[in-house]
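Please take the sequence and the coordinates together and follow the account below from the overall fold down to single residues.

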Amino acid sequence: MKNIKQFVVLLLLVAGGFVLVSSVYTVDEVEQVIITQFGKPVGEPVVEAGLKFKVPFIQEVNPIDKRVLEWDGPPSDMPTKDKLYISVDLFARWRIVDPLQYFLRLRDERSAQSRLDDILGSETRNAVAKHELIEIIRTSKDRVPLLDTTVLGDDLLSSSTTSSTASLPEQKSNIGALVPIEKGRKLVEQEIFSAAAEKVGVFGIELLDIRFKRINYNESVRPKIYDRMISERRQIAERFLSEGNGEAARIRGNRVRDLNKIQSEAYRKVEEIRGLADAKATEIYARAYNQSPQSVEFYEFTRTMASYPAMIGESTTLVLSTDSDLFKFLKGMKPTTNTPSE
């Protein structure tokens, strides 16, 4: 009899302990709890951490995370407004602010992630389809790209000899100018965030942030895009080359023109100096040989004799009259005779 009583007491203690354990639960600092009875929520969500009590056996504890959670969707291919297919990879941060609504509509985090995939993916497609690629690539509309002045060359940047050369860098700086940007990537992200936050709010979820993680061209169009980029770079290079060749031809033309001008001015100066020298020499000769009739006659004789070697060569035949001025000194010459020595 005594053993039966002990057994009953022990059984009651075990049953009481089991009931006590079933009626007590703890709430962690990073959790919030929904109590369900026969599958339906009862009471308010438990959001404070600590030791809590519930009706044993018929009530069940459903913990829900209240930390900031991560959503990282798979990359999706979508077209932009300018018909370019790109692969967009997004990430977002969210948290559960209405655990009761969250539990009634989604139950668990897996369902929430699936619903976020649908909503964020849809809103991203809508936003990307309404904007051109440059709007999504550029951070904001206020950011201005820097000009790479190295492609202009040090000679073109420092040259100031002519107005055309000075205006050449200004003309080339327009190459590669971006099309006007109305919004930029930040505002596009804000559009996606605003549209998606309203839709996920009905599930008791607060969307905290959304960002583009990676934007790339679709694999099928990437070779064509790269070929077009290479073609554009080659066109710009050809333009630089043609303008450089034109500038080189202009410089060479100016060099030849300046050289001809210098040579002509030098030749004119030489001729002027030579004319002045001849005039001075003639003046000196005139003063020297006009001092007396004998000097004039001697000058005529020497000049006539000096002209003979220039006019008459070994194979030269002249047919002239004996009355010509050329032979007036020859006619007056008398042959010399050799007198015998005594």
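Of the contacts in the protein with a separation of 6 or more, what percentage comes from residues 24 or more positions apart? The share is 68%. This value, like the others here, is computed from a predicted model.

The protein has 342 residues, and 25% of them count as buried. Its secondary structure consists of 10 helices and nine strands. The exposed surface amounts to about 24,400 Å², of which carbon and sulfur atoms supply 56%.

One place to begin is strand β6, which covers residues 69–72. One face of β6, made up of L69 and W71, is covered, while E70 and D72 are on the uncovered face. β6 pairs with strand β8, residues 85–96, in the antiparallel sense, and four bridges join the two. Within that pairing, D72 has F91 of β8 as its bridge partner.

D72 also leads to a set of charged side chains. Which residues are linked with D72 in a network of salt bridges? They are D89 and K213. D89 lies in strand β8, the strand that pairs with β6. D89 is buried, with a relative accessible area of 10%; the cut-off for that class is 20%. Apart from neighbours within four places in sequence, D89 is in contact with D72, G73, P74 and P75, and also with R211, F212, K213 and R214. Both of its partners in the network, D72 and K213, are thus found in its contact list.

The charged pairs can be followed further. Side chains of opposite charge can pair when their charged atoms come close. How many salt bridges does a search of the whole structure find? The search finds 13. One salt bridge joins the side chains of K199 and E123, with an N to O distance of 2.5 Å. K199 belongs to helix α7 (residues 185–200) and E123 to helix α3 (residues 109–129), so this pair ties together parts that are 76 residues apart in sequence. Its two ends fall in separate accessibility classes: E123 is buried, with a relative accessible area of 8%, whereas K199 is partly exposed, at 42%.

The helices that carry this pair also meet along their sides. The axes of α3 and α7 come within 9 Å and cross at roughly 145°. The crossing of α3 past α7 is right-handed. On the α3 side, the residues that meet α7 are L116, I119, L120, E123, T124 and A127. Their counterparts in α7 are V188, I192, A195, A196, K199 and V200. Both members of the salt bridge, E123 and K199, therefore appear among the residues where α3 meets α7, each in its own helix.

Another salt bridge lies within a single helix. R268 pairs with E272, and their closest N and O atoms are 2.9 Å apart. What separates R268 and E272 along helix α8? The two residues are four positions apart in α8 (residues 222–289), which means that about one helical turn lies between them. R268 is partly exposed, with a relative accessible area of 47%, and E272 is also partly exposed, at 37%.

R257 and D258 form a further salt bridge, in which the closest N and O atoms are 3.5 Å apart. R257 counts as exposed, at 53% relative accessibility, while D258 is partly exposed, with 36%.

The backbone offers two more points to inspect. Most residues other than glycine have a negative phi. F38 is not a glycine, yet its phi is positive, at about 60°. F38 is found in the loop between β2 (31–37) and β3 (40–41). Is F38 buried or exposed? At 68% relative accessibility, F38 counts as exposed.

F57 is another residue other than glycine with a positive phi, in this case near 75°. Its position is in the loop between β4 (50–53) and β5 (59–65). F57 is exposed, with a relative accessible area of 53%.

Conventions. Residues are numbered from 1 along each chain as its sequence is written. This is a predicted model: local features need pLDDT of at least 70, side-chain atom pairs count only at pLDDT 80 or more; totals for chains, interfaces and linings use all residues. Side-chain values use heavy atoms; hydrogens and water are left out. Buried means under 20% relative accessible area, exposed over 50%, partly exposed in between (1.4 Å probe, protein chains only). Two strands pair if DSSP finds at least two bridges between them. Contact means heavy atoms within 4.5 Å. Accessible areas come from the Shrake-Rupley method with a 1.4 Å probe; for residues, only the protein chains shown count as cover. A salt bridge is a side-chain nitrogen of Lys or Arg within 4 Å of a carboxyl oxygen of Asp or Glu. Axes are lines fitted to C-alpha atoms, for helices over the stretch in contact, and angles run from 0 to 180 degrees between N-to-C directions. A crossing is left-handed if the near helix is turned anticlockwise from the far one by less than a right angle, and right-handed if clockwise.
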